[in-house]
Each structure stands twice: as structure tokens, then as C-alpha cells.
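Trainee: I would like a close look at one part of this model. Please take a single strand and its partners, then move on to the aromatic rings.

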Amino acid sequence: MTDDQRRQRPMGGPMGRGMGPAEKAKDFKGTWSKLINYCERYLSVVIVALIMAVLGAAMQIVGPDLLKDLTNEIAKGFIGVIDMDAIASIAILLICLYAGAALFTFIQNWIMATVTQKTTKRMRSDISSKINRLPFSYFNRKSYGDVLSRVTNDVDTIGMTLNQSISALVTAAAMFVGTLIMMFLTNVIMALTAIGSSVLGFVMMMFIMKRSQRYFVEQQKDLGEINGHVEETYTGHSIVKVYNGSAEFKKEFEEINTRLYGSAWKSQFLSGLMMPLMMFVGNFGYVAVCVVGAVLTMNGTISFGVIVAFMLYIRLFTQPLSQFAQAANSLQRTAAASERVFEFIEEKELEDESQKEKRLTSVKGNIDLVNVNFGYTKEKTVINDFSVSVKAGQKIAIVGPTGAGKTTIVNLLMRFYELNDGKILLDGVPMNEVRREDVHEQFCMVLQDTWLFEGTIKENIIYSKRNVSDEDVISACKMVGLDHFIRTLPNGYETILNDRASLSEGQKQLLTIARAIIKDSPLLILDEATSSVDTRTERIVQEAMDMLTKGRTSFIIAHRLSTIKNADVILVMKEGDIIESGSHSELLERQGSYAELYNSQFETA
């Protein structure tokens, strides 16, 4: 990555901090409209699920009214004969109602769980496909952790709300409205008593939520800081030890940890008041209903069964109030998550090249860069009128100070970025006239940062190459001198590479070289491939790379000039321009910039 790219990249840990639970969306209605449109194919079954939720709530609401009748029938028995047939019929009807409510709830949960998983699966697939269609410039603006957070945290947040909050909100609304209607139909005075006793608790609940929300935001911020601090420090644990920075690390850690303790305690304490408060509201409602109900019963205004019904209505009425508050936060959080996901999905993509019919076949490896101009931003050009001609099989070394544009040239050769002006020809064919995938197929790469995934050694070497035999893999490893080492491992070529597999940097680099040998493309890029290994390992890696470059047009970027002495042509770059070119001996004779760079690496005191 060039200095220009680094300056554009945001800071952040590898996993990113993502979106805090209390973060709010900029356009709540617009984002939810997009989410509903995204789920359009499932809207019909979602509506069925919501109807099921309403029916289930309605059956539960009717229950207290039947219990009122059941209680009144039993009460009649105290002054006469109990009508067991009436009691049995009411009881059977109650059982059927509650069983129906449970059945409707089960169906609704099954539908919403299915829709949620299909939606989130599709969303992750869309994001994964989108990643492959995004230009490299997007990843210069966004950290990898931020992208990962959209795939994991944000999609999970959306799934959780679709699965739980929407149906819960509809159920709560149906329960709230239905209970309100049933209470007023049963008795107006008792209904006003129940509502009055609950309103006080609801006001207190909203006050607590408003206060606790701020502390939840602070908690997430402090949590992100402490995670970042620990990750940063333990990644550079050896540096902290060498520079005796443990005391400073501990001091800063304790400061953040103390802030986290304060914000977490306040948020958890205040949110913890919700449950006892709702219990108090419910119990207070029971008391109010019983006292007022007793007075009305003594006056002969209502029957004893009404009191029993209202004790159940109190519970059905207060429960949706807390669900509304929770659902409001969940919907806001989901809107923020959806906004981030749709922002990613709607990012400008690479140009569609499916219509390009020209193909690269039997590539020899002649490369021509003609008057190439390029900048990562329109305001600043980093490659200026760059021209060079490379013959098939030549080994081209590109050297120069940091920020000279060496890696940028490689990115342009691979078509990771499009030129501002000029053209690049491969065997006389302009690269922009063929598909990017076709261009990528002509290159194999060995980079400074080795990339190995969790899998067997054999799988890492083969990677995406098809129809590779075991003999080919063993032959490639013998070429780079890894075969003996691999055979000493417990499972040989089937050894799983993961965090527990101990490989040196040199061995990892040799594996990536073996991978390049297996790909067997006509062009090769070596970008600082020996910069992170010791001198002895460098010699081994260099020998492997010399074998790899035979018969291939090779572009080598190196700060260690000793590794490029045998290059056919050395290009010396400075600020996006070629200031010198020639062989190692020719450039030394000129006593120019290359000679100055070379001699500075071999000066002795």
C-alpha cells in the first residue's frame, strides 16, 4: 500500500468497532422503506404472521372476560346450586382460546424465524458479492473492520429485529388496544382506575429510559476504547516491554476501565430499575383495582368476577407499555444498521465488463506502459506520464524512495485501479479492452505480507487452481526447498494451518512462492517479498524466487538492492517519474540516484 493510500485509510482495529447499540439512523423512515422493499418477496407471509400475532393477542384478551363469567358462576354457588355444565362449557372454551393463542403464536414465530434467516442469508450474500464488485478505492476510504462489522453486527441486528421486535410490537399494539376496549366495555370506572395507575409507572419508565440511554452510549464508547487499547497494546507487546511502557499502559488502561465501570454501572443500574418498576406498577394496579372494585361491588355496581377480570387486564395492559419502549429502541437501532448495510450495497461498483469479448490467449508477456497518468484522488497525481516497454521474459526491478509510486505501478498493471490517462498493453492488447478477471489470470504474485488461510498446506498451495495433482504440489515444494520440512510435520501436506501451526516468516513466504509456481502464469509480481525475513532466509527465498522468475516477465519491487543485481532492467522512480533506467552495472557507472541508494545500503563506518 502506498503512502497516498495510507493517508486516505481510516484508523481502526482489524475487527472494527462497528455501530453501537444506541447509534441512531439519519433517515429513519427512508431506511425502513428500503428495508421493507428489500423484504418485498416475503411481505405476504409476514402479513400472515402479523395476522396470527393479532389473532393470538385477541384470544388472550377475551380470556379475562370468560374468567369473569366463570367466577360469577362459581360465586352463584355460594347462594345456591353451582351450574357445573355452565362452568364446564366456559372452561372448555377458555382452554380452546388459550390453545388457539399458543398455536397462532407458534405459527407466527415459525414464519418470522424462516423469513428472518432467509433475509439475512440473502443480505450477507449480497454484501459478499458486492465486495467483489467494489473498486479498491473504496477500501482505501473504509477500514476492513468497518466492512466486517456490516456483514456481521449490522446484519445480525437487522435479523434480531425482524425476528422478534416487529411481531412483538404488533402483538403489543393489539394487546394494548384490545385490552383498552375490553376494559371500557366491562366497566368505565374500573378502566379509568387501571389506566390511571399505569400511566404513573409509564411516565417514570420513560424518564428512566431517557436517562439510561446516555449511559448506554457512553458504555459502548468506553468499551470500544478499552478493546482498542488492549488490542493495540498486546499486538505490540514486545515493544511495550522493551521500552518499559507497562506502567503507562496500566495507567491508561485503569483510566478507561474506571470510566467504563462508571458508565456501565449507571446504565445497568437504571435499566435494572425497569423490571421492579413494572412489577410495582402491576401490583399498584392490582391494589387500585381491588379497592375500587370492592367499593363498586359493595354498591352493587359490578360483580365479583369483574374484579378478577380486571386483575388480568392490568397485566395485559402494562406489559405492552414496556414492549413499546423496547421496540422503539430496537427499531431505531435496526434503522441505523440497515442504513450502513444499504449504504454499502448501494456503493458505486466497478464497470460491468460482461460485454467485452476480447480474450488474452497464449500470452508471451510483452508489456508496454504508454504515457500513463494516475492519481488516487483527482486532486493529486502520483504517476506522471509514465512510459516503459518490457519484453517477454525480462526481469524488471522498480526501486525508489517510499512514496515514489512503485506499488502503484503494480496496482495499475493488475487493473486494481483504472488509469486517468494513457494505456497499458499486454502483447499489444490494451488491458482495458479485456475483462479484469482475464488480466488477473495472467499474473501470479508474491507480496511482503504473506497470506495463508485456515486449511491444509496442500489447500493453501493450490488455492483456486483446478485439477492440480499431488505430484505437482510436491514438485513445487521441492523447488522452493519446503518438501523436507513439510514431511516432518505430523500430517505432512494435510497439516492444518491455523493459529497453533508454528511457521516462520520464511516458511510462510516459501509457501506463497510455491502457490505462485502452481498457478504458473506468464507474468510475475514480487512486492518486497524478502523485506520481513532474515539474511539467511532471504538467500533461500531469493533462490526460490530466481527459479520462479525463469521464463516469466517479472516485476520486482525491493528496498534491498542486493536482491535485484541480476535484473535485466532497473527502473529508478521518484515522485511518480522514471528518473533512471538500466542494468545494475550501468546505473552504478552513472553515479546517479541508483548509485547513491545502493552505496547508502553498503556504507561501512
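Mentor: Start at Ile398, whose bridge partner in strand S10 is Ile557. Keep in mind that this is a predicted model. Ile398 also has a bridge partner in strand S11, namely Leu571.

Now widen the view to the strands themselves. Strand S3 covers residues 395–399. Strand S10, residues 553–557, runs parallel to S3, and 4 bridges join the two. Strand S11, residues 569–574, pairs with S3 in the parallel sense as well, again over 4 bridges.

How buried is S3? Of its 5 residues, 5 are buried, so the strand is largely enclosed by the rest of the structure. Check the two faces in turn. Lys395, Ala397 and Val399 lie on one side, and they are buried. Ile396 and Ile398 lie on the other side, and they are buried too. Both faces of S3 are therefore covered, given that buried means under 20% relative accessible area.

Next, the rings. The structure holds 7 aromatic pairs. One of them joins Tyr38 and Phe342. Their ring centres are 5.7 Å apart, with 65 degrees between the planes. That angle makes the pair edge-to-face, because the cut-off for this class is over 60 degrees. The two residues come from distant parts of the chain. Tyr38 sits in helix H2 (residues 28–38), while Phe342 sits in helix H11 (residues 304–345). In sequence they are 304 residues apart.

Are these two rings buried or exposed? Tyr38 has 11% relative accessibility, so it counts as buried. Phe342 has 6%, so it counts as buried too.

A second pair is formed by Phe374 and Tyr417. This one is tilted, at 5.6 Å centre to centre and 55 degrees between the planes. Phe374 belongs to strand S1 (residues 367–374). Tyr417 is in the loop between helix H12 (406–413) and strand S4 (421–426). The pair therefore ties together parts that are 43 residues apart in sequence. Both residues are buried. Add Tyr376 to the picture: ring pairs link Phe374, Tyr376 and Tyr417 into a cluster.

Last, look for charges over rings. Return to Tyr38: Arg122 lies over its face, 4.0 Å from the ring centre. Another arginine, Arg515, lies over the face of Tyr463, at 5.7 Å from the ring centre.

Terms used
Residues are numbered from 1 along each chain as its sequence is written. This is a predicted model: local features need pLDDT of at least 70, side-chain atom pairs count only at pLDDT 80 or more; totals for chains, interfaces and linings use all residues. Side-chain values use heavy atoms; hydrogens and water are left out. Rings of Phe, Tyr and Trp (its six-membered ring) pair if their centres lie within 6.5 Å; planes under 30 degrees apart count as stacked, over 60 as edge-to-face and the rest as tilted. Buried means under 20% relative accessible area, exposed over 50%, partly exposed in between (1.4 Å probe, protein chains only). A charge sits over a ring if NZ of Lys or CZ of Arg is within 6 Å of the ring centre and within 35 degrees of the ring normal. Two strands pair if DSSP finds at least two bridges between them.
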